[in-house]
There are 2 protein chains.
Amino acid sequence: MLNLIIAEAALELVPSEISRHASVRNDASRRELDPSRILLDRSIHHAAMLKLRDDYKRGRPDLVHLTLLSVTSTPLYQTGRVKVFIHTCDDVVLEFREGTRPPKSYFRFRDLMQQTLVERPDSGLITLFEATVPRLLKRIGSDPAIGLSVQGKPISLEDLAARLEGAENPAVLVGGFPKGHFTPQTTEALDELARIDANPMDAHVVAARLVYEVEKAHGKSSS
Amino acid sequence: MLNLIIAEAALELVPSEISRHASVRNDASRRELDPSRILLDRSIHHAAMLKLRDDYKRGRPDLVHLTLLSVTSTPLYQTGRVKVFIHTCDDVVLEFREGTRPPKSYFRFRDLMQQTLVERPDSGLITLFEATVPRLLKRIGSDPAIGLSVQGKPISLEDLAARLEGAENPAVLVGGFPKGHFTPQTTEALDELARIDANPMDAHVVAARLVYEVEKAHGKSSS
C-alpha cells in the first residue's frame, strides 16, 4: 500500500487576521457565510492575501482538488492500493478512507472542505487530525518516506516506482502548493528528497504520473 | 505534433428548451446572468437536464476542465508539441493556440467558456468554429486519427505512443463526457478505435497518461 501525502497543501479557512478585508467580506456576504467558514482562495482574496506570511504558497484549494482527483480517479486508488492524505499548510491532516471518492465538482469539493475544516465531523470517510509532517510520518510508520522536489536527487519515475513497489509501507510526499519548496521541518523528516524532472511540474501532473508508474510496476511484479 | 481532441465534450450553454426551469432560473438570477449565457452544469441543473436528449453525456464542464488541464500542465504541451481542441457535443470546436494556458481556477474557466461560447471573440488564443468530428479531422488533415474507447481494440499505451511518435500529424480523440461512447458519426471518421484499459477511465486520467507516454516515446526517439 502506497501512502500518498499532498503536503503543506494550500488549503485552509480564511485566517482571522484578514477576515475583515473587503475582498473576504464581499465573498462571505455573497455566499451568506461567516468569513471564518470559507476557504482561502487566491482567485478571490488576492488583495487580502498580500498581508499573509508565505502568501505565495497559500490559498489554492483548486490545485489541491486537482491533485486529489489525479490520484483518486485511477485504477490503483480504486482497487485500494493507495491511501491519500492531505496535510495542510497549518498542520491539519485529512485522511481519506481507502476508495473514498471525493467530489469532482469544484463547488462540491469546496463546500465539503469548508464543512470538514469547520465542523470536523468524523464521517468515517475523511478523518481529521492535527499533525506536522514528521508526526504524520511517524503515525503512518512509513518506510521509506520520499519527498518529490526539484531540489532533490534525480531519479527516473520508473526506478522510483520499482522501489516503492518493493517496499512494505512507503510514503511519497507531493507539495500541495503552487510555488516554492517544502519547509526544512518537512525535508528533515524525509528519508530522501528526489526529483523526477529538471523543471518544476504542477502537483497534479506529478501525482498522476507517479500513480501510473506504480500501477505499471505492480503489473510487472504481479505478472 | 500531436493533435489531442477532447471529443463530444460535455460543454455547452444551457439549451433554450430548459431555460425556464426553476433550477436554471435560480442559478442565472443568483449570478445576474441571462440563462442563455450560463454553462449547462449537472451539479446545478440536474432536475432540468432530465428532459434533455442524451442527458447522461452532457453538462460536465468540470470534467472538460480537468481533462484540458491534464494536458496543458505538462512539459509536452508547454514545449509546443501538443495541440488541443475541445469539440463539444453540439459541434462547436475550440482550438487552443499552442502553449496557451487555460485558467486553473474552475470559476475562471467557466467564465471564459461562457464568454467564448456567447460572444465568439477571436482572441488569437482560442479560435472557435463549428465542425463535426469528421470535418474537424479533415481540417486538421490528421493521419492517423485514433479514438480511445473501451469498445476499441486493446493496445498498450506505450505501443500507441510509439506509433504516434512515428507519425507526421496524428490525432487522438478522448471522450469529453462522463458516461457512454462516441457516436457512430465520430467512430466512422476514425482510422482506429483503441482501448488502453479493460475498464473505463476518466478522460483526464486517459489524457494525462497518453501525454506522459508520448513524452517518454519522444525522449527515446530523440536521445
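**Reading the core, a strand and the interface**

Q: Which residues have the most contacts inside the largest nonpolar core?
A: In general, nonpolar side chains in soluble globular proteins tend to be buried together. A nonpolar core is a set of buried Ala, Val, Leu, Ile, Met, Phe, Trp, Tyr and Cys residues joined through C-beta atoms within 7 Å. Buried means 20 or more other C-beta atoms within 10 Å of the residue's own, exposed 12 or fewer, and partly exposed in between, with C-beta atoms placed from the backbone. Here the largest core has 130 residues, and A:Ile6, A:Val172, A:Val174, A:Val211, B:Val172 and B:Val174 have the most contacts inside it.

Q: How are the residues numbered, and what kind of model is this?
A: Residues count from 1 along each chain as its sequence is written, and chains are lettered from A and ligands numbered from 1 in the order written. The model is predicted: local features need pLDDT of at least 70, side-chain atom pairs count only at pLDDT 80 or more, and totals for chains, interfaces and linings use all residues.

Q: Why is strand E3 of chain A largely enclosed?
A: Strands (E, at least two residues) and helices (H or I, at least four) are DSSP runs numbered from the N terminus. Four of the five residues of E3(A), 92-96, are buried, so the rest of the structure largely encloses this strand.

Q: Which strands pair with E3(A) in the antiparallel sense?
A: Pairing requires at least two DSSP bridges. E2(A), residues 82-88, pairs with E3(A) over three bridges, and E4(A), residues 126-130, over five. A:Leu94 is the bridge partner of A:Ile86, and A:Leu128 that of A:Leu94.
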